[in-house]
Amino acid sequence: MFADQLQDITDERQDWTLAACRQPGIGDLFFSEQIPDINRAKAICAVCPLLEPCLRGAVLRAEPWGVWGGQLFLNGRILAQKRKRGRPPKVRPPEPEVILPPSITRLIAELDGSEAQSA
């Protein structure tokens, strides 16, 4: 499913058949708009042995949307959580902090630095 695409992008040679997203019938969870489905997809990713290479590939590709490597992506950026449907509250609560592995944090910083230099 998604793991086949990752094999082409990442430098590491991983056995993508071990990816948790390869289970039959769960593919729609990773691209759902429903908050319970997103949380379930994140929980599946949390126990995946390929979480970090998957997340690395998603960051490098600037995935437009979906759950990749246990993180929710929208427009190539990682979101801490999806906002509920409907009108936003008058007083917006603070965004929760996204906790990433150190190697992914460095990768994002490198990518942001290279974008700033090319602009």
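**Exercise 1: a charged residue in a loop**

Glu63 has a relative accessibility of 10%; decide whether this residue counts as buried or exposed.

*Solution.*
- Start with the ground rules: this is a predicted model, in which local features need pLDDT of at least 70 and side-chain atom pairs count only at pLDDT 80 or more, while totals for chains, interfaces and linings use all residues. Numbering runs from 1 along each chain as its sequence is written, and side-chain values use heavy atoms, with hydrogens and water left out.
- Now the cut-offs: buried is under 20% relative accessible area, exposed is over 50%, and partly exposed sits in between, with a 1.4 Å probe and protein chains only.
- At 10%, then, Glu63 is buried, because its value is under 20%.
- To place Glu63 in the chain, use the DSSP runs, where a helix is H or I over at least four residues, a strand is E over at least two, and both are numbered from the N terminus. Glu63 falls in the loop between helix 3 and strand 1.
- For its neighbours, count a contact when heavy atoms come within 4.5 Å. Leaving aside residues up to four places away in sequence, Glu63 touches Ala58, Trp68, Phe73, Asn75 and Gly76.

**Exercise 2: the overall layout**

List the elements of the protein from the N terminus on.

*Solution.*
- Count first: there are four helices and three strands.
- Then put them in order, which gives α-α-α-β-β-β-α.
- Check the burial: 32% of the 119 residues are buried.
- Helix 3 has its share, with Pro53, Cys54, Leu55, Gly57, Ala58 and Val59 as its buried residues.
- Look at the contacts between residues at least 6 apart in sequence: 51% of them join residues at least 24 apart.
- Finish with the outside: the accessible surface (Shrake-Rupley, 1.4 Å probe; for residues, only the protein chains shown count as cover) comes to about 8,000 Å², and carbon and sulfur atoms own 53% of that.

**Exercise 3: rings around Phe31**

Which residues do ring pairs link into a cluster?

*Solution.*
- Set the rule: rings of Phe, Tyr and Trp (its six-membered ring) pair when their centres lie within 6.5 Å, and planes under 30 degrees apart are stacked, over 60 edge-to-face, the rest tilted.
- Two aromatic pairs turn up in the structure.
- Take Phe31 and Trp65: the centres are 5.3 Å apart and the planes are at 70°, so this pair is edge-to-face. Phe31 is in the loop between helix 1 (3-9) and helix 2 (35-46) and Trp65 is in strand 1 (residues 65-68), 34 residues apart, so distant parts of the chain get linked.
- Now Phe31 and Trp68: this pair is edge-to-face too, with 5.9 Å centre to centre and 75° between the planes. Since Trp68 belongs to strand 1, the pair ties together parts 37 residues apart in sequence.
- Put it together: Phe31, Trp65 and Trp68 make the cluster.
- As for accessibility, Phe31 is partly exposed at 24%, Trp65 is partly exposed at 37%, and Trp68 is buried at 3%.

**Exercise 4: a buried glutamine**

Find the element that holds Gln71 and work out which residues Gln71 touches.

*Solution.*
- Gln71 is in strand 2 (residues 71-74).
- With 13% relative accessibility, Gln71 counts as buried.
- Skipping residues up to four places away, its contacts are Lys42, Leu55, Gly66, Ile78, Val98, Ile99 and Leu100.

**Exercise 5: positive phi**

What is the phi of Ala62, and what is the phi of Asn75?

*Solution.*
- Recall the background: most residues other than glycine have a negative phi.
- Ala62 has a positive phi of about 50° although it isn't a glycine. Ala62 comes just after helix 3 and is partly exposed at 40%.
- Asn75 has a positive phi near 55°. Asn75 sits in the loop between strand 2 and strand 3 and is exposed at 66%.

**Exercise 6: the second largest pocket**

Which element gives the most to the lining of the second largest pocket?

*Solution.*
- Define the pocket: on a 1 Å grid over the protein atoms alone, it's an open set of points where a 1.4 Å probe fits, with protein on both sides within 12 Å along at least five of seven lines, and lining residues have an atom within 4 Å of a point.
- The lining has 13 residues, with Val59, Gly76, Arg77, Ile108 and Asp112 nearest the centre.
- Helix 3 (51-61), strand 3 (77-79) and helix 4 (102-118) each supply at least two.
- Helix 4 comes out on top, with four.
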